[in-house]
Amino acid sequence: MDRVVESETPKLESLLSTEERRIISRHDVYGIRDQYVSADESLYHPFVGDDLLLKPLRFDLRNSLYVCILWAKHPGVLGRHRHRSPVTAYTLEGAWRYAEYDWIARPGDFVQENPGVIHTLIAEQGMKTLFFVNGSLEFYDERDALQNTMDVFSFLDMYLCHCEARGLAINERLIF
Ligand SMILES: [Fe+2]
């Protein structure tokens with residue numbers, strides 16, 4: 001809506017009760033603000049070599065949630081990993097799949113990953129996918145030996161180290 005038109009729209013009387021108004025006003029003191037992150041205020045940094053890159057959109061440290069875009073700058077593989085919490089994905093560009101499954105995710109395709117199984121992500125060059133990663137990822141070798149565990153603090157550390165090493169500004173607005 002145009003801002004001028006919006007300001008000329010007469011304000012309608014609220015139908016909220018006194019109690020509901022009071023409850024909503026608590027947000028002004030204790031609530032967490034809605035957050036807008038523009039397309040250009042984050043950056044891609046290396047994740048798996050220079051093949052798979054990450055663009056962080058949100059580090060939610062209270063809920064161990066990491067929101068990001070995974071970009072396959074080159075064809076890439078994210079090694080065998082096991083989630084301990086749910087992961088949700090929405091494919092934006094290109095194609096990706098798990099070696100263990102028979103589907104291929106393409107633009108517009110939605111994927112729900114559930115805790116427990118071990119799978120291996122394979123991305124075609126140019127793939128971009130929005131991920132909501134809850135909890136931890138455990139990486140295993142071919143003999144099922146645990147190699148590494150990552151969570152939202154691991155991804156935050158990757159982002160901070162990338163910025164610090166290059167003298168880039170750290171966008172603390174991504175931590176909310
Ligand atoms: Fe996964």
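Which residue in S11 is the bridge partner of Glu-138? In this predicted model, the partner is Thr-149. That single pairing is a handy doorway into the structure, and we will come back to it after a look at the whole chain.

## The whole chain

The protein chain contains 3 helices and 11 strands. Reading along the sequence, you meet them in the pattern α-α-β-β-β-β-β-β-β-β-β-β-β-α. The radius of gyration is 20 Å, well over the 16 Å that the globule rule gives for 176 residues, so the protein chain is more spread out than a compact globule. Along the principal axes, its C-alpha atoms fill a box of roughly 65 × 35 × 35 Å.

Two percentages add to this view. Of the 176 residues, 16% are buried. If you take contacts between residues at least 6 apart in sequence, 64% of them join residues at least 24 apart.

Helix H2 covers residues 18-30. At 1.5 Å a residue, its 13 residues should span 18 Å, and its end C-alpha atoms are 19 Å apart, which agrees. The number of buried residues among those 13 is 0, so H2 lies largely in the open.

## Two open sheets

The strands to follow next belong to two sheets. Strands of a sheet pair through backbone hydrogen bonds, either parallel or antiparallel.

One sheet is open and has 6 strands in the order S1-S2-S3-S9-S5-S7, with antiparallel pairing. Its edge strands are S1 (45-48) and S7 (110-113), and each of these pairs on one side only. Neighbouring strands of this sheet are turned by 30° against each other on average, direction ignored. H3 packs on this sheet and touches S1, S2 and S3. The direction of H3 makes about 115° with that of S2. Inside the sheet, S3 and strand S9 (residues 128-134) pair in the antiparallel sense over 7 bridges. Within that pair, Ile-69 stands opposite Leu-130 in S9.

The other sheet is also open, with 5 strands in the order S6-S8-S4-S10-S11 and antiparallel pairing. Here the edge strands are S6 (96-98) and S11 (146-150), each pairing on one side only. The twist from one strand to the next averages 30°.

Now we can return to the opening pair. Strand S10 (residues 137-140) and S11 pair in the antiparallel sense over 4 bridges. Besides Glu-138 and its partner Thr-149, Tyr-140 stands opposite Leu-146 in S11. Is S11 buried or in the open? Of its 5 residues, the number buried is 0, so S11 lies largely in the open.

## Two residues with positive phi

Ser-64 and Asp-144 are worth finding in the 3D view. Ser-64 has a positive phi although it is a residue other than glycine, and Asp-144 has a positive phi although it is not a glycine. The table sets out where they sit.

| Residue | Phi | Loop | C-beta neighbours within 10 Å |
|---|---|---|---|
| Ser-64 | near 50° | between S2 and S3 | 16 |
| Asp-144 | about 65° | between S10 and S11 | 9 |

With 16 other C-beta atoms within 10 Å, Ser-64 is partly exposed, because a residue counts as buried at 20 or more and as exposed at 12 or fewer. Asp-144 has 9 such neighbours and therefore counts as exposed. The hairpin of S10 and S11, where Asp-144 is found, has 5 residues between the strands.

## The largest nonpolar core

In soluble globular proteins, nonpolar side chains tend to be buried together. Which residues touch the most other members of the largest nonpolar core here? Of its 21 residues, they are Leu-52, Tyr-66, Ala-123 and Phe-155. Strand S2 (52-60), strand S3 (65-72), strand S8 (118-123) and helix H3 (152-166) each supply at least two residues of this core. S3 gives the most, with 6 residues.

Phe-155 is a good residue to zoom in on. Leaving aside its neighbours within four places in sequence, Phe-155 is in contact with Leu-54, Pro-56, Phe-59, Tyr-66 and Met-150.

Terms used
Residues are numbered from 1 along each chain as its sequence is written. This is a predicted model: local features need pLDDT of at least 70, side-chain atom pairs count only at pLDDT 80 or more; totals for chains, interfaces and linings use all residues. A nonpolar core is a set of buried Ala, Val, Leu, Ile, Met, Phe, Trp, Tyr and Cys residues joined through C-beta atoms within 7 Å. Two residues are in contact if their C-beta atoms, placed from the backbone, lie within 7 Å. Two strands pair if DSSP finds at least two bridges between them. Axes are lines fitted to C-alpha atoms, for helices over the stretch in contact, and angles run from 0 to 180 degrees between N-to-C directions. The expected span of a helix is 1.5 Å times one less than its number of residues. The radius of gyration is taken over C-alpha atoms; the globule rule is 2.2 Å times the number of residues to the power 0.38.
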